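The following exercises introduce one structure step by step. Please attempt each task before reading its solution.

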Amino acid sequence: MSRTGKPGHIREQVFSRPELMREFTPKFDRQVREVLDHRTSLDVDRVYGFGCGDSHNACVTTQMGFQEWARIPMEPLTALQFARYTTPWLQTRRPHPALAIGVSVSGEVARTVEGILLAREAGAYTVGITCHSESRLVRAAHMAVDVSTPGMDIPRIRTYLATQIALYMVALRLAEVRQAIGYREGRQIRRDFEAAADIADATNEAVSETVGQLAEELRNREHFIFVGGGPNLGSAMFGAAKILEAVGRHAQGQDTEEWVHLQRFVREDRTPTFLLAPPGLSYRRAVEVARVMRHINCFLVAVVEEGEEEISQMADVVLPVKGHLPEALTPLVYSNAVEMFSSDLAAKVREPYFRGFEGRWASPDGDPIWFNELLQSRQALGLSD
């Protein structure tokens with residue numbers, strides 16, 4: 001397979017996700033418990049999760065797990081926002097340091113590595129989550145979690161899930177050590193991961209044909225909106241990212257409430273709008289927003305739990321999720337259908353992923369622009385201790 005993969009191969013990765021969950025969740029769980037010691041787990045008073053692209057989206061999807069299970073604030077940020085605009089004011093030296101988690105599949109993304117270095121300079125505990133154990137990220141961080149799995153071709157699907165699982169395991173580790181949850185609750189969360197794999201299997205089979213038909217119907221559309229609330233804002237952002245990468249068309253992930261204030265004023269008629277709305281804290285608002293989407297004549301694609309009725313009756317297409325999970329874990333299954341859609345759309349229009357990194361899409365001098373940028377220190381940024 002080529003560096004970018006053939007159009008349509010995302011679908012193969014989507015169907016492999018359930019087995020990845022079954023095989024690697026216990027492994028990442030054990031690894032996190034070995035890496036993140038009791039003292040650190042008890043000492044931190046807040047968590048920052050940061051990265052670029054998919055890695056940032058993974059942090060957004062797992063924020064609720066940290067806050068609901070561990071009862072600890074977790075702020076998901078882009079790598080630039082964390083490195084350049086958070087660490088300068090990070091007061092962590094005492095009495096309660098922060099935990100800074102940098103996520104990078106390659107372990108070489110400059111801004112993420114820089115964020116880890118600057119966080120260490122500021123006194124934070126640092127963890128690197130990556131698929132490359134010899135990378136700069138691992139060398140920079142106090143602790144590292146290796147989430148490498150077979151089949152890591154781009155656009156990333158398996159690696160996105162792997163980093164999500166690792167982040168959830170960090171949240172679970174903090175929750176258990178800090179006794180925010182008990183033994184039974186911890187066991188139930190682990191069983192929920194097993195259930196998520198079964199739900200993903202059933203969902204993939206249930207939506208496969210419909211997604212293919214949807215890609216054919218929307219093959220000539222140039223704009224796509226993905227909408228989600230809470231943890232599934234990250235899923236919506238990831239869905240938009242896969243459209244950008246797979247077919248190079250305009251796509252945006254948006255918060256459910258923010259859609260009301262912004263995208264509902266778009267002039268375009270029948271804009272394809274994917275609404276990810278599992279049962280949870282923002283579901284009632286999603287129902288209200290769906291009514292507006294229907295009123296202004298969006299092409300509404302509802303990603304909802306099987307049997308949901310209110311949004312489904314207003315949707316042009318329903319992509320049902322075949323089972324129930326606690327809201328914090330719904331990102332494990334609510335992105336499957338939109339990932340599959342990006343794959344099928346690329347196959348329909350025969351578009352190479354990332355435009356093949358050729359022509360004007362090629363990186364300057366043949367080097368990945370996100371790897372080789374100069375890393376800055378606090379001193380170089382003009383920051384005093």
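At 31% relative accessibility, Asp201 counts as partly exposed, because that class lies between buried (under 20% relative accessible area) and exposed (over 50%), with a 1.4 Å probe and protein chains only. The model is predicted: local features need pLDDT of at least 70, side-chain atom pairs count only at pLDDT 80 or more, and totals for chains, interfaces and linings use all residues. Residues are numbered from 1 along each chain as its sequence is written, and side-chain values use heavy atoms, with hydrogens and water left out.

**Exercise 1. Determine which side chain meets that of Asp201 in a salt bridge, and what the pair ties together.**

Step 1. A salt bridge requires a side-chain nitrogen of Lys or Arg within 4 Å of a carboxyl oxygen of Asp or Glu. The side chain of Asp201 meets that of Arg22 in this way, at 2.7 Å from N to O.

Step 2. Helices here are DSSP runs of H or I with at least four residues, strands are runs of E with at least two, and both are numbered from the N terminus. Asp201 belongs to helix 8 (residues 183-217) and Arg22 to helix 1 (residues 10-35), so the salt bridge ties together parts that are 179 residues apart in sequence.

Step 3. Arg22 is partly exposed, at 34% relative accessibility. Both residues also take part in a network of salt bridges with Glu19 and Asp198. The whole structure contains 24 salt bridges.

**Exercise 2. Locate Arg285 and Glu288, and state how many residues apart they lie.**

Step 1. Both residues are in helix 11 (residues 283-295), three residues apart, which is about one turn of the helix.

Step 2. Their side chains form a salt bridge of 2.9 Å, N to O.

Step 3. Arg285 has 30% relative accessibility and counts as partly exposed; Glu288 is also partly exposed, at 39%.

**Exercise 3. Give the strand order of the open sheet of five strands, and identify the strands at its edges.**

Step 1. Strands of a sheet pair through backbone hydrogen bonds, either parallel or antiparallel. Two strands count as paired if DSSP finds at least two bridges between them.

Step 2. The order is 7-6-8-9-10, and the pairing is parallel. Strand 7 (250-255) and strand 10 (317-321) stand at the edges; each has a single partner strand, so one side of each lacks a neighbour in the sheet.

Step 3. From one strand to the next, the twist averages 15 degrees.

Step 4. Strand 9 (residues 299-305) runs parallel to strand 10 and is joined to it by five bridges. Val303 stands opposite Leu319 in strand 10.

**Exercise 4. State how many disulfides the structure holds, and classify Cys52 and Cys131 as buried or partly exposed.**

Step 1. A disulfide is a covalent bond between the sulfur atoms of two cysteines. The criterion is a pair of cysteine sulfur atoms within 2.5 Å, and the structure holds zero disulfides.

Step 2. Cys52 is partly exposed, at 35% relative accessibility, whereas Cys131 is buried, at 6%.

**Exercise 5. Determine in which helix Leu80 is placed, and classify its accessibility.**

Step 1. Leu80 is in helix 4 (residues 79-85).

Step 2. With 41% relative accessibility, Leu80 counts as partly exposed.

How values were computed:
Axes fitted to C-alpha atoms, helices over the stretch in contact; angles between N-to-C directions.
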